[in-house]
Structure formats: C-alpha cells, structure tokens
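Trainee: Hi, have you got a few minutes to go through this model with me? I'd like to start with how the chains meet.

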Amino acid sequence: MIGMRPEQIVIAEEQFERLRPTLITKYPDQYIVIDPISKEYWIDPVSSVALKKATNMFPGRNFYLKKIGADTAFSFTG
Amino acid sequence: MPEIISGIDSQNNVRAEIEIEGLYKTTPYGGIIDTGFSGGLVIPLITAVDIGLEKVGASSVTLADGSVQVIPTFLSKVKIGNDTYDATTLIMGHEVLIGMELLHDYRMCISPISGEVVIEKWESIQRLSDLSESLRRLGG
C-alpha cells in the first residue's frame, strides 16, 4: 500500500531533482510537498504545514513529501 | 500549567498521552515517544480506519534497517496537553509512535531510575524563567 500511483511518484521525484540545486541553498532541511499533476510545490520547515498549504490549494489530491537536502522525508534510526 | 501525562512503561518505552482527532472520532492513546523518528506521528492501519484520516499522499521514509519505502501519508490533529497540532501521520506498524517533529515545542526530561517523564511546553518555561528574572531584578 503506497498511497500514490507509482507513475505519480516518478513524476514528483523528477520534479524534485529539477528543483534540488536551487532549493538546497535557499531552503535547506525544509520539507517540500509536490503535486505530480500540476508540478506545483509548497515548502515549509514543518511537514504538516507544507501539506496543509497543498491540500488547501488542491483538496483531495495526493501529494509527495520529501525533505530538501535529505534522501527521504523522514527517517527511523536505531 | 497543564500536565502532559507521561511515563516509562513495563517494557521500558517512554509514553505520553495524546488525543488523535480523526474525521470520525477523537481517541486518547498512550503513544510511544520515538526519539529516533524524525516525523510527526505513526499509527497502525487499524487505528487509522477506526478514527478516519484525511489522506494526503505519500512520503519517502528511511526505515531503521536502512531501507527506503514509500509510506501512505495522512493528516491528523493531535492534542498534547492543552495544545492541538496538525500532524503528518504515517500508517505503519502496530503502535502509535510520537516523533520528534510533534515534540518540537517541548522540553522533555526522562528519569529511568524513577520511571518519571516530564514534558513541558518550552514557551511556558521561558515565560516562567523571564518572570523569575524580572522579579529578581526588581528585588535588587
């Protein structure tokens, strides 16, 4: 159970890679939420705030969440 | 200052009482505080179905074994003490886990020898500290 269609994740990852060089200097360690349909994105230091910005713009859509400067949005260590 | 009920359970897990507000109901849980989890909240699928959550998509997550998975992601509201927060919520596992993003506004002290855990809002502590300092200055 992934929560998004694989092709949507691919589109979102590609958008992230395009944005990464600019974002990593301007918004290090902040969260980015990407809409694979419109390619729009929202950035915030708090993941839930970035998600709320996205859902307020496009209610009911599925978004992809990543962390700028990291391989993944979240991590479990230990 | 409202107290956040917390402590160390018989399995040596640090737990804190929170309320998770879903679309259908609000339920209290003694969630495990996972300092190794960088996100907000993790809840089991059965809990998510029970309370009803708003699905917002998916997140890439690095698991404890180093593997990377894409996890369904939801938004919930979590009440800690007297404060309610929006929480990025991942659906996985068998326990409610409270991550470090949700505890960002708090100071937490853990005393394993006594089983005591104290969680206080930092803003309240700062205000008390500022008040103490002001009174000290006034007192000369």
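Mentor: Sure, and a definition comes first: buried area is the accessible area (1.4 Å probe) that two parts lose on being put together, summed over both. The size of an interface is often given this way. Also keep in mind that this is a predicted model: local features need pLDDT of at least 70, side-chain atom pairs count only at pLDDT 80 or more, while totals for chains, interfaces and linings use all residues. Residues are numbered from 1 along each chain as written, chains are lettered from A and ligands numbered from 1 in the order written, and side-chain values use heavy atoms, with hydrogens and water left out.

Trainee: Okay, what is the area buried between chain B and chain A?

Mentor: About 2,300 Å², and carbon and sulfur atoms give 57% of that. On the chain B side, B:Val56, B:Ser60 and B:Glu101 lose the most area to chain A, together 21% of what that side buries.

Trainee: And how many residues of each chain are in contact?

Mentor: 32 residues of chain B and 27 residues of chain A, where contact means heavy atoms within 4.5 Å.

Trainee: How many residue pairs are in polar contact across the interface?

Mentor: The rule finds 16 such pairs, both residues being at pLDDT 80 or more. A polar contact is a pair of N or O atoms within 3.5 Å; within protein, one must be able to donate a hydrogen and the other to accept it, and residues adjacent in sequence count only if both atoms are side-chain atoms. The count of salt bridges between chain B and chain A is zero. For those, a side-chain nitrogen of Lys or Arg has to be within 4 Å of a carboxyl oxygen of Asp or Glu.

Trainee: Which elements give two or more residues to chain B's side?

Mentor: β5 (54-62), β6 (68-80) and β7 of chain B. The largest share, nine residues, comes from β5(B). Strands here are DSSP runs (E, at least two residues) and helices are H or I runs of at least four, numbered from the N terminus. By class, that side has 18 nonpolar, nine polar and five charged residues. Ala, Val, Leu, Ile, Met, Phe, Trp, Tyr, Cys and Pro count as nonpolar, Asp, Glu, Lys and Arg as charged, and the others, Gly among them, as polar.

Trainee: I've been staring at B:Thr88. Where is it?

Mentor: B:Thr88 is in strand β7 (residues 83-91) of chain B. Its side chain makes a polar contact with the side chain of A:Ser47 at 2.7 Å, and a polar atom of that B:Thr88 side chain lies 3.1 Å from the backbone nitrogen of A:Ser48. Leaving out residues up to four places away in sequence, B:Thr88 also touches others, including A:Leu51, A:Phe74 and B:Glu101.

Trainee: Is B:Thr88 buried or exposed?

Mentor: B:Thr88 counts as buried because its relative accessibility is 1%. Buried means under 20% relative accessible area, exposed over 50%, partly exposed in between (1.4 Å probe, protein chains only).

Trainee: Switching to strands: what joins β3 of chain A to β5(B)?

Mentor: Three bridges, with β3(A) (residues 63-67) and β5(B) running parallel. Two strands pair if DSSP finds at least two bridges between them. A:Phe63 has B:Gly57 as its bridge partner, and A:Tyr64 stands opposite B:Ala58.

Trainee: What else does β3(A) pair with?

Mentor: β1(A) (residues 31-34), in the antiparallel sense over four bridges. There, A:Ile32 stands opposite A:Lys66. Four of the five residues of β3(A) are buried.

Trainee: Last topic: how many salt bridges over all chains?

Mentor: The count comes to 11. One of them joins A:Arg61 and A:Asp35 (2.4 Å, N to O). Those two are 26 residues apart, A:Arg61 in the loop between α2 (47-57) and β3 of chain A and A:Asp35 in the loop between β1 and β2 (41-44).

Trainee: Why does A:Asp35 count as buried?

Mentor: Because its relative accessible area is 0%. A:Arg61, at 24%, counts as partly exposed.

Trainee: Got one from chain B?

Mentor: B:Lys121 forms a salt bridge with B:Asp83, the closest N and O atoms being 3.6 Å apart. B:Lys121 is in strand β10 (residues 116-121) and B:Asp83 in β7 of chain B, 38 residues apart. Salt bridges that share partners also join B:Asp9, B:Arg15 and B:Glu95 into one network.
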